[in-house]
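Reader: I'd like a close look at one part of this molecule, with the terms explained as you go. Could you start with the words I'll need?

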Amino acid sequence: MKDFAAIDFETANYEPTSVCSVGIVVVKDWSITDTFYSLIKPEPNYYAYRCQMVHGLCAKDTDKAPVFPTVWKQIEPLIEGLPLVAHNKAFDENCLKKVFRMYQMDYPDYEFYCTLVASRKAFPKAINHQLHTISALCGYDLTNHHHALADAEACAWIAREIL
């Protein structure tokens, strides 16, 4: 798989619809050809303390941010025809499906691959299979972990190495 788009969401709270930022990294012929990052006004619009501590975002960061459908209109042309890749696809794919449903948007049934699952096969003796651990094993220094674009870049790096 030499063409794909790595995706990462951060959420404001424990609801999968509460996406508050998204990072996209487009890879074609094994090279990064485009990136996209946006804050998103979450729904429901409140921040759980634990989520804030993980990614550092809060309500004042996203109060004036666009809603998901507006952001997705910018993303759609970038990822058209590409499979999506996420580290822990279960989380990101669930967020995407739930937020599509919440905004009554037609879900295009994206093909999703998971670098977390692949990393368990590629690195069975790793101390853990978290994004920062696996990205380091693949030679990528994830210094801004839990920033959606940085995490998407790490995922793209991992995917190029092990998928």
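Author: Let's begin with how open a residue is: buried means under 20% relative accessible area, exposed means over 50%, and partly exposed is anything in between (1.4 Å probe, protein chains only). What you're looking at is a predicted model, where local features need pLDDT of at least 70, side-chain atom pairs count only at pLDDT 80 or more, and totals for chains, interfaces and linings use all residues. Residues are numbered from 1 along each chain as its sequence is written, and side-chain values use heavy atoms, leaving out hydrogens and water.

Now for the close look, which goes to helix α3. Helices (H or I, at least four residues) and strands (E, at least two) are DSSP runs numbered from the N terminus. Helix α3 takes in residues 68-79, twelve in total. At 1.5 Å a residue those twelve should span 16 Å (the expected span is 1.5 Å times one less than the number of residues), and the C-alpha atoms at the two ends of α3 agree with that, being 16 Å apart.

Next, look at which way the side chains of this helix face. F68, P69, V71, W72, I75 and I79 are the buried ones in α3. They sit on the same side of α3, because the arc they cover around the axis is only 140 degrees (the arc is that of the directions from the helix axis to the C-beta atoms). Over on the other side of α3 you'll find K73 and P77, both exposed. And what do the buried residues of α3 pack against? Their partners are four strands, β1 (4-11), β2 (19-28), β3 (31-39) and β4 (84-86), plus the helix α4 (89-102). "Contact" here means heavy atoms within 4.5 Å. After α3 comes G81, which has a positive phi, near 80 degrees.

Since α4 is one of those partners, it's worth following it along to its charged side chains. A salt bridge is a side-chain nitrogen of Lys or Arg within 4 Å of a carboxyl oxygen of Asp or Glu, and by that rule the count is three. In α4, K89 and E93 make a salt bridge, 3.4 Å from N to O. These two are four residues apart, about one turn of the helix. E93 also forms a salt bridge with K97, where the closest N and O atoms are 3.7 Å apart. Again the spacing is about one helical turn, because E93 and K97 are four residues apart in α4. Put together, K89, E93 and K97 are linked in a network of salt bridges.

Does the network sit in the open or under cover? It's mixed: E93 is buried, with a relative accessible area of 14%, K89 is partly exposed at 26%, and K97 is partly exposed as well, at 34%.

There's also a salt bridge back by the strands that α3 packs on. K2 pairs with D29, and their closest N and O atoms are 3.2 Å apart. That pair ties together distant parts of the chain: K2 belongs to the segment before β1, D29 to the loop between β2 and β3, and their positions lie 27 residues apart in the numbering, counted as a separation. With a relative accessible area of 43%, K2 counts as partly exposed.
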